[in-house]
Amino acid sequence: MESSSLPSLAATENWPVPTAAAAVVRADGTVAGSHGPTGRRFPLASVTKPLAAYAVLVAYEEGAIDLDEPAGPEGATVRHLLAHTSGLAFDENRVQAAPGTRRIYSNTGFEVLGDLVAKATDIPFADYLHQAVLAPLGMTSTTLEGSPAKDAVSTVDDLVRFAAEVQAPRLLDARTVLDAMTVAYPGLTGILPGYGHQRPNDWGLGFEIRGAKSPHWTGTTSSPHTFGHFGQSGTFLWIDPDVRAACVVLTDRAFGPWAIEAWTPFTDAVLADLRR
C-alpha cells in the first residue's frame with residue numbers, strides 16, 4: 001500500500017532499518033498516504049500502552065472500574081496509574097514517590113491496571129482488550145502477547161484504525177477521550193525515556209502529551225496539543241489535533257540515536273505535506 005499524496009512518507013526508505021511501514025490518517029478516517037508493508041506485523045513495545053489505556057477507559061465507561069478508585073500503591077488511583085504518577089518504579093513493584101508528586105514512567109503501573117481490569121471483569125486482560133477495542137475496530141492483526149505495557153504486536157493498517165477512532169471516538173464518549181489527551185496532574189517533572197529530564201513532563205491518561213518538551217520525538221513544528229506514544233522497538237504513533245491527522249510508523253530496529261535523528265525531521269516533513 002503506497003501513496004504519492006504524502007511524499008514525505010517515502011523518507012522511511014532512507015532510514016537505517018531493515019523494514020519500515022508508515023501511514024497518515026485524517027480525523028475523518030481517510031488515509032492521506034502510506035508507505036511500506038502496512039499489513040506486516042511488528043512488535044509495538046510501548047505503543048501497546050495507548051491500546052491498553054483505551055481498554056481501561058472502556059472498562060471505566062462500562063462501570064467495571066472507576067478512574068478515582070484506589071489502585072496500585074497506597075494513596076494511588078487508576079488515574080494515577082494511567083498518568084504515570086502512581087509513584088511505582090519503571091519495571092519493578094517498588095514505590096519511588098508519593099502518588100501525584102512525580103512523573104515516573106512505569107511499565108509496572110500498566111501491569112497493575114491490566115490485573116485490575118481482569119479482576120473487575122473476570123476476563124483476562126488480553127481478551128478484554130480484544131473484545132473492547134480490537135474486534136470492534138476491525139484490528140484483526142493485533143494481539144496482546146504478554147504485558148499490557150509493552151507486548152502487543154500489530155500492523156500499520158490496524159493502528160490506522162485505532163488512530164481514526166481516537167480522533168473521532170465511537171467506542172468511548174468524546175469527553176473521556178478529551179480527558180485522556182489533556183494533561184493529568186499538570187506541572188510534574190520527570191524523565192522521558194530516551195529524551196532525558198523534562199520540566200514539565202506532560203502526560204494524559206495513557207498518552208504522552210508533547211506540550212513544550214524539548215528535545216522530543218515528534219516534530220519541531222508539532223503542535224503542543226500533539227499526543228501519542230513511541231516504543232523501544234522503533235515504533236511511534238502521534239495524533240496532532242491542530243492538523244486533524246495522525247501518523248503511525250512501525251520498524252524492526254530498536255529505538256536509538258538513529259530514531260532521535262530521523263523521527264523529528266520526518267514528522268516535520270509530514271506536517272508540511274499535510275499543511276500544503
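## A walk through the cores, sheets and salt bridges

Let us start inside: the largest nonpolar core has 58 residues, and Val78, Leu82, Val133, Leu159 and Phe162 are those with the most contacts within it. Helix H1 (residues 48–61) gives the largest share of this core, 9 residues. A second, separate core has 29 residues, including Tyr105, Trp203, Trp258 and Phe266. A nonpolar core here is a set of buried Ala, Val, Leu, Ile, Met, Phe, Trp, Tyr and Cys residues joined through side-chain atoms within 4.5 Å. Buried means under 20% relative accessible area, exposed means over 50%, and partly exposed lies in between (1.4 Å probe, protein chains only).

Before going on, please keep in mind that this is a predicted model, in which local features need pLDDT of at least 70 and side-chain atom pairs count only at pLDDT 80 or more, while totals for chains, interfaces and linings use all residues. Residues are numbered from 1 along each chain as its sequence is written, and side-chain values use heavy atoms, with hydrogens and water left out.

Take Phe162 from the first core as an example. Setting aside neighbours within four places in sequence, phenylalanine 162 is in contact (heavy atoms within 4.5 Å) with Pro50, Leu51, Tyr54, Val133, Leu137, Met139, Phe207 and Leu237.

Now for the sheets. Helices (H or I, at least four residues) and strands (E, at least two) are DSSP runs, numbered from the N terminus, and two strands pair if DSSP finds at least two bridges between them. One open sheet has 6 strands in the order S2-S1-S11-S10-S9-S8, with antiparallel pairing. Its edge strands are S2 (31–35) and S8 (208–209), each of which pairs on one side only.

Strand S9 is a good place to pause. Strand S9 (residues 227–231) is joined to strand S10 (residues 235–240) by 5 bridges, and the two run antiparallel. Phenylalanine 230 sits opposite phenylalanine 236 of S10, while phenylalanine 227 has isoleucine 239 as its bridge partner in S10. S9 also runs antiparallel to S8, with 2 bridges between them, and here isoleucine 209 stands opposite phenylalanine 227. The hairpin of S9 and S10 has 3 residues between the strands, and glycine 234 there takes a positive phi near 85°.

Is S9 enclosed or open to the outside? Of its 5 residues, 5 are buried, so S9 is largely enclosed by the rest of the structure. Both of its faces are covered: Phe227, His229 and Gly231 are buried on one side, and Gly228 and Phe230 on the other.

Two helices lie across this sheet. Helix H5 (residues 156–167) lies across S1 (20–26), S2, S9, S10 and S11 (245–251), and runs at about 25° to S1. Helix H7 (residues 257–275) lies across S1, S2, S9, S10 and S11, and runs at about 35° to S10. For these angles, axes are lines fitted to C-alpha atoms, for helices over the stretch in contact, and the angles run from 0 to 180 degrees between N-to-C directions.

Another open sheet has 3 strands in the order S3-S5-S4, again with antiparallel pairing. S3 (42–43) and S4 (143–144) are its edge strands. S3 pairs with S5 (residues 152–154) over 2 bridges, and phenylalanine 42 has serine 154 as its partner in S5.

Next, visit the loop between helix H2 (78–82) and helix H3 (107–121), where histidine 84 lies. Arginine 102 is found in the loop between H2 and H3 too. Histidine 84 counts as buried at 2% relative accessibility, while arginine 102 counts as partly exposed at 40%. Among the contacts of histidine 84 are Lys49, Arg102 and Trp203. Arginine 102 and glycine 190 are 88 residues apart in sequence, and their C-alpha atoms are 6.3 Å apart in space.

Finally, the structure holds 10 salt bridges, each a side-chain nitrogen of Lys or Arg within 4 Å of a carboxyl oxygen of Asp or Glu. One of them joins aspartate 158 and arginine 161 (3.0 Å, N to O). These two are 3 residues apart in helix H5, so about one helical turn separates them. Aspartate 158 is buried at 2% relative accessibility, whereas arginine 161 is partly exposed at 38%. Lysine 213 and glutamate 208 also meet in a salt bridge (2.7 Å, N to O); lysine 213 is buried at 2%, and glutamate 208 is buried at 3%.
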